[in-house]
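Let's take a walk around this protein and see what sits where. Have the picture open while you read.

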Amino acid sequence: MTIRVAVVGAAGRMGSTVCQAVEEAEGLELVARLDVGVEITPEHLNGADVAVDFTVPDVTETNVHALIDAGVNVVVGTTGWTEESYARVREHLAEPDAAGRSVLIAPNFALSAVLAMAFAAKAAQYFESAEVIELHHPGKVDAPSGTAIATAKGIAEARDRAGLPAMPDATASDPGGARGAVVDGVHVHAVRLRGLTAHEEVVLGNPGEQLTIRTDSFDRASFMPGVVLAVREVGGHPGLTVGLDRFLGI
Ligand SMILES: NC(=O)C1=CN([C@@H]2O[C@H](COP(=O)(O)OP(=O)(O)OC[C@H]3O[C@@H](n4cnc5c(N)ncnc54)[C@H](O)[C@@H]3O)[C@@H](O)[C@H]2O)C=CC1
Ligand SMILES: O=C(O)C1=N[C@H](C(=O)O)C[C@H](O)C1
């Protein structure tokens with residue numbers, strides 16, 4: 001059976017690439033391209049079964065609620081989500097009108113990034129120190145990246161479970177914020193550089209040794225197999241799923 005797909009943010013870097021990937025994917029049909037100025041309504045969604053949102057952090061939650069109300073399943077790649085915004089989506093999906101609806105929100109659809117996050121969480125319990133460095137194109141509007149936040153949270157949860165103490169750090173003065181953002185106790189550094197697409201390095205240290213886990217998306221093509229898989233699978237996962245790892249069994 002053909003899955004009809006609408007793309008929200010269709011004029012953007014990711015949205016336009018997703019439109020092309022959907023058009024080229026067997027069993028998927030692109031039925032709507034929405035962007036700024038086109039309201040999310042059943043009419044504009046043109047019979048879509050699944051909507052894919054790659055917009056901006058400020059609007060994605062509002063879009064997701066509108067898409068649930070419009071009766072479609074939703075795949076979200078946009079960043080900016082918090083535990084509170086996940087909770088509001090879960091609440092909405094628990095309403096009788098939304099019964100059976102599915103939403104997947106994934107900070108990164110590239111297989112290398114999904115694996116890097118999983119490997120970092122696995123390694124974290126064995127190292128005294130761990131920091132995250134994300135590197136992106138200068139057109140990115142948010143920092144740190146959604147992937148870096150998810151990576152740091154995964155590391156922090158693993159350290160907590162293992163009962164590790166706080167990481168060693170004698171910094172007593174950092175007026176300019178040189179030590180970066182701190183996500184659940186994990187330092188996260190953001191680089192914006194012309195020529196880059198999307199990259200992340202996790203460095204884990206012990207006395208006399210270091211493990212580096214690195215993922216590089218050189219092209220937005222890297223995200224497309226994950227997005228297409230998510231579109232095909234999302235209907236089979238009612239409720240809210242966070243992270244593509246859940247669909248991949250990672
Ligand atoms: N999960 C993943 O694998 C990936 C996630 N991203 C995330 O996807 C998001 C989009 O990234 P890019 O495509 O690079 O940004 P972009 O700025 O190129 O595209 C955003 C698009 O959303 C549109 N837009 C803004 N407000 C809208 C609204 N209210 N309704 C409909 N469309 C609206 C803009 O006009 C623009 O066309 C970012 O949050 C980024 O971090 C990016 C790459 C991979
Ligand atoms: O804006 C981007 O480009 C990307 N955003 C996502 C993020 O913030 O993690 C995913 C990927 O890093 C590319």
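Before we start, keep in mind that this is a predicted model. Our first stop is ligand 2, which takes up the space of the second largest pocket. Who is standing around it? The ring of neighbours of ligand 2 consists of Thr 79, Pro 107, Asn 108, His 136, His 137, Lys 140, Ser 145, Gly 146, Thr 147, Ala 198 and Phe 223. Sorted by class, this shell has seven polar residues, three nonpolar ones and one charged one.

Some of these neighbours make polar contacts with ligand 2. The side chain of Lys 140 has an N or O atom 2.7 Å from an oxygen atom of ligand 2. For the side chain of His 137, the matching distance to an oxygen atom of ligand 2 is 2.9 Å. Gly 146 joins in with its backbone: a polar atom there is 2.9 Å from an oxygen atom of ligand 2. On its own, ligand 2 would expose 320 Å², and the protein buries 84% of that area.

Now move over to ligand 1. The space that ligand 1 takes is, again, the second largest pocket. Around ligand 1 there are 21 residues, and the ones that come nearest are Arg 13, Met 14, Asp 35, Thr 79 and Phe 109. What classes make up the shell around ligand 1? Eleven of its residues are nonpolar, seven are polar and three are charged.

Here are some polar contacts of ligand 1, side by side:

| Residue | Part of the residue | Atom of ligand 1 | Distance |
|---|---|---|---|
| Arg 13 | backbone N or O atom | oxygen | 2.8 Å |
| Asp 35 | polar side-chain atom | oxygen | 2.5 Å |
| Val 36 | polar backbone atom | nitrogen | 3.5 Å |

Taken alone, ligand 1 exposes 860 Å², of which the protein buries 81%.

One last stop: the aromatic rings. How many aromatic pairs does the structure hold? There are two aromatic pairs. To describe a pair like this, you give the distance between the ring centres and the angle between the planes. One of the pairs is Trp 81 with Tyr 86: the ring centres are 6.1 Å apart and the planes are at 5 degrees, so this pair counts as stacked. Are these two residues buried or exposed? Trp 81 is buried, and Tyr 86 is buried too.

Terms used
Residues are numbered from 1 along each chain as its sequence is written. Chains are lettered from A and ligands numbered from 1 in the order in which they are written. This is a predicted model: local features need pLDDT of at least 70, side-chain atom pairs count only at pLDDT 80 or more; totals for chains, interfaces and linings use all residues. Side-chain values use heavy atoms; hydrogens and water are left out. A residue is near a molecule or strand if one of its heavy atoms lies within 4 Å of it. A polar contact is a pair of N or O atoms within 3.5 Å; within protein, one must be able to donate a hydrogen and the other to accept it, and residues adjacent in sequence count only if both atoms are side-chain atoms. Accessible areas come from the Shrake-Rupley method with a 1.4 Å probe; for residues, only the protein chains shown count as cover. On a 1 Å grid over the protein atoms alone, a cavity is a set of points where a 1.4 Å probe fits but cannot get out, and a pocket is an open set with protein on both sides within 12 Å along at least five of seven lines; lining residues have an atom within 4 Å of a point. A molecule sits in a cavity or pocket if more than half of its atoms lie within 2 Å of its grid points. Ala, Val, Leu, Ile, Met, Phe, Trp, Tyr, Cys and Pro count as nonpolar, Asp, Glu, Lys and Arg as charged, and the others, Gly among them, as polar. Rings of Phe, Tyr and Trp (its six-membered ring) pair if their centres lie within 6.5 Å; planes under 30 degrees apart count as stacked, over 60 as edge-to-face and the rest as tilted. Buried means under 20% relative accessible area, exposed over 50%, partly exposed in between (1.4 Å probe, protein chains only).
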